[in-house]
Amino acid sequence: MSRRDELATALAQVRERIDTARAAAGRSDDVHLVAVTKTHPASDVQLLAELGITDVGENRHPEARDKRAEAAVDSLTWHFLGGIQTNKAGQIARYADVVHSVDRPKLVAALDRGAVAADRTLRCLVQVDFDRTNPGRSGTPPESVESVAELIDRAERLELAGVMAVAPLDVDPAPVFEQLQAISARLIHRWPDATIISAGMSNDAEAAIAHGATHVRIGRSILGERPQNR
Ligand SMILES: *Cc1c(COP(=O)(O)O)cnc(C)c1O
């Protein structure tokens, strides 16, 4: 089977899963699919775009920058999903369209400076962390979401677009996605345009869609397995 046929088959299965989960949740709104292409070549990005993908996700700099340049597909929206060191934020601001991993005041300031310098506008999601046992994870605790959101809203070239979370491994993801949905509702009350809920990956997309995810981030189920820890 060609790589194109392989991706087409996997993509059809993922779209089917999303539709089934939407129907099960009684939702008539759209669930956007972000294809997570990290570790996979720019040629896969081009094939996915031909197969109708409009949104791709990457989690590391400079891999994301180089792949965007090499793929050179104008129609794509590029989502940055990974933890960001403050000193890399300025570079990421030059090419990312949506940043899902905004979790602290210093990062907000650095992304905004980078966006101003590049004369671009970045859509930003506040990443929420529900796993207090693991301090190495990206994300801000639920009680600080609003203060990070406020800084994004006040920034010159950042737009507050919503919230994002990665469910901790080895626990039932449903309660996490339920809490994220509640946090999103509070944010929307104050910022009506911050409607994105980015939640759900290959192994928990159904649970996320049941709890209002507007964007699912799917890698392995579309592109296949990656090297460990990526
Ligand atoms: C890698 C990654 C994904 C995709 O995970 P899969 O299990 O491959 O679907 C989604 N979100 C983030 C933040 C990631 O780093």
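This is a conversation about the ligand site, the pockets and the cavity of the structure above.

User: What kind of model is this, and how are its residues numbered?

Analyst: This is a predicted model, in which local features need pLDDT of at least 70 and side-chain atom pairs count only at pLDDT 80 or more, while totals for chains, interfaces and linings use all residues. Residues are numbered from 1 along each chain as its sequence is written, and side-chain values use heavy atoms, with hydrogens and water left out.

User: What makes the approach of Lys38 to the ligand a polar contact?

Analyst: A polar contact is a pair of N or O atoms within 3.5 Å; within protein, one must be able to donate a hydrogen and the other to accept it, and residues adjacent in sequence count only if both atoms are side-chain atoms. A polar side-chain atom of Lys38 lies 2.7 Å from an oxygen atom of the ligand, so the pair meets the distance limit. For Ser202, an N or O atom of the side chain is 2.5 Å from a ligand oxygen, and for Arg226 a polar side-chain atom is 2.7 Å from a ligand oxygen. The protein buries 92% of the 390 Å² that the ligand exposes when taken alone (areas from the Shrake-Rupley method with a 1.4 Å probe; for residues, only the protein chains shown count as cover).

User: How do you know where the ligand sits?

Analyst: The ligand sits in the largest pocket, which means that more than half of its atoms lie within 2 Å of the grid points of that pocket. About 1000 Å³ of space lies in this pocket, and among its 35 lining residues the closest to its centre are Lys38, Val166, Leu169, Met201 and Arg226.

User: Why is one space called a cavity and another a pocket?

Analyst: On a 1 Å grid over the protein atoms alone, a cavity is a set of points where a 1.4 Å probe fits but cannot get out, whereas a pocket is an open set with protein on both sides within 12 Å along at least five of seven lines; lining residues have an atom within 4 Å of a point. The structure holds 1 cavity of 30 Å³ or more, and the largest cavity has a volume of about 30 Å³. Its lining consists of Glu58, Ala64, Trp78, His79, Phe80, Tyr95 and Ala96.

User: Which element supplies the largest share of the lining of the second largest pocket?

Analyst: Helix 1 does, with 4 residues, and the second largest pocket holds about 190 Å³ of space.

Notes:
Grid points are joined across faces, edges and corners, and a volume is the space filled by probe spheres set on the points. Helices (H or I, at least four residues) and strands (E, at least two) are DSSP runs, numbered from the N terminus.
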